[in-house]
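Please read these comments with the sequence and the coordinates open beside you, and check each point against the picture as you go.

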Amino acid sequence: MLYVIYSEDVSDSLEKRAAARPAHIERLKKLQALGRVLIGGPTPAIDSEDPGAAGMTGSLLVVEFETLEAAKAWADADPYVEAGVYKAVTVKPFKRVF
């Protein structure tokens, strides 16, 4: 089943994101290598591919897991969670139509 993982950053998350990004990306690459990442990326704070100092406001993933509980457990173990980047993480089932 597919799941949306939508995460919202704390204010001024840029430095925390930068510090935890290598571990965050490495973990996602492992899931991608298993063919379980449909789409993923950050949400820029401004309307720009490279928001610079404005940073990001969160992240969006559409990923495959066996259960909602497994998706939530995986999301809870994200290095960005441990680093305090996210103030909220929402995990919901997703039905792909297009």
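The numbered points below take up a helix, the empty spaces and a few single residues.

1. Before anything else, please keep in mind that this is a predicted model, and that residues are numbered from 1 along each chain as its sequence is written.

2. Start with helix α1, which covers residues 14-33 and so holds 20 residues. At 1.5 Å a residue a helix of this kind should span 28 Å, and because the C-alpha atoms at the two ends of α1 are 27 Å apart, the expected and the computed values agree. Even so, α1 bends by about 55° at Ala20, and a proline, Pro22, follows within four residues of that position.

3. Which residues of α1 are buried? They are Arg17, Ala20, His24, Arg27, Leu28 and Leu31, so Ala20 is both a buried residue and the place of the bend. The cover over the buried residues of α1 includes the strands β1 (2-9), β2 (37-44), β3 (56-64) and β4 (86-94), together with the helices α2 (68-76) and α3 (79-82). Just after α1 comes Gly35, a residue that takes a positive phi of about 75°.

4. Turn next to the open space, where the largest pocket holds about 450 Å³. Of the 24 residues that line this pocket, Arg21, His24, Ile25, Gly41 and Pro42 are the closest to its centre. The elements α1, β2 and β3 each supply at least two residues of the lining, and the largest share, 9 residues, comes from α1. Sorted by class, the lining of the largest pocket has 13 nonpolar, 7 polar and 4 charged residues.

5. How many cavities of 30 Å³ or more does a search of the whole structure find? The search finds 1, and about 60 Å³ of space lies in the largest cavity. Its lining is made by Ile5, Ser7, Ser59, Leu61, Trp74, Ala75, Asp78, Tyr86 and Val89, and the elements that give two or more residues to that lining are β1, β3, α2 and β4. By class, the lining of the largest cavity has 6 nonpolar, 2 polar and 1 charged residues.

6. Ser7, one of the residues lining that cavity, sits in strand β1. Is Ser7 buried or exposed? Its relative accessibility is 4%, and because a residue under 20% is called buried, Ser7 counts as buried. Apart from its neighbours within four places in sequence, Ser7 is in contact with Thr57, Gly58, Ser59, Tyr86, Ala88 and Val89.

7. Tyr6 also has its place in strand β1, but with a relative accessible area of 32% Tyr6 is partly exposed. Leaving aside neighbours within four places in sequence, Tyr6 is in contact with Ser59, Leu60, Ala88, Val89 and Thr90. A further distance to check is the one to Gly40, which is 34 residues away from Tyr6 in sequence and 9.8 Å away in space, C-alpha to C-alpha.

8. Finally, look at Asp12, which lies in the loop between β1 and α1. Most residues other than glycine have a negative phi. The phi of Asp12, however, is near 55°, a positive value in a residue other than glycine. With a relative accessibility of 77%, Asp12 counts as exposed.

Note on methods
Predicted model: local features only at pLDDT ≥ 70, side-chain atom pairs only at ≥ 80, totals over all residues. Heavy atoms only, no water. Expected span 1.5 Å × (residues − 1). Bend = angle between axes of the 7 residues up to and from the residue. Buried < 20%, exposed > 50% of the residue type's maximum accessible area, 1.4 Å probe, protein only. Contact = heavy atoms within 4.5 Å. 1 Å grid on protein atoms, 1.4 Å probe; cavity = no way out; pocket = protein on both sides within 12 Å on 5 of 7 lines; lining within 4 Å. Points joined across faces, edges and corners; volume = space filled by probe spheres on them. Nonpolar A, V, L, I, M, F, W, Y, C, P; charged D, E, K, R; others polar.
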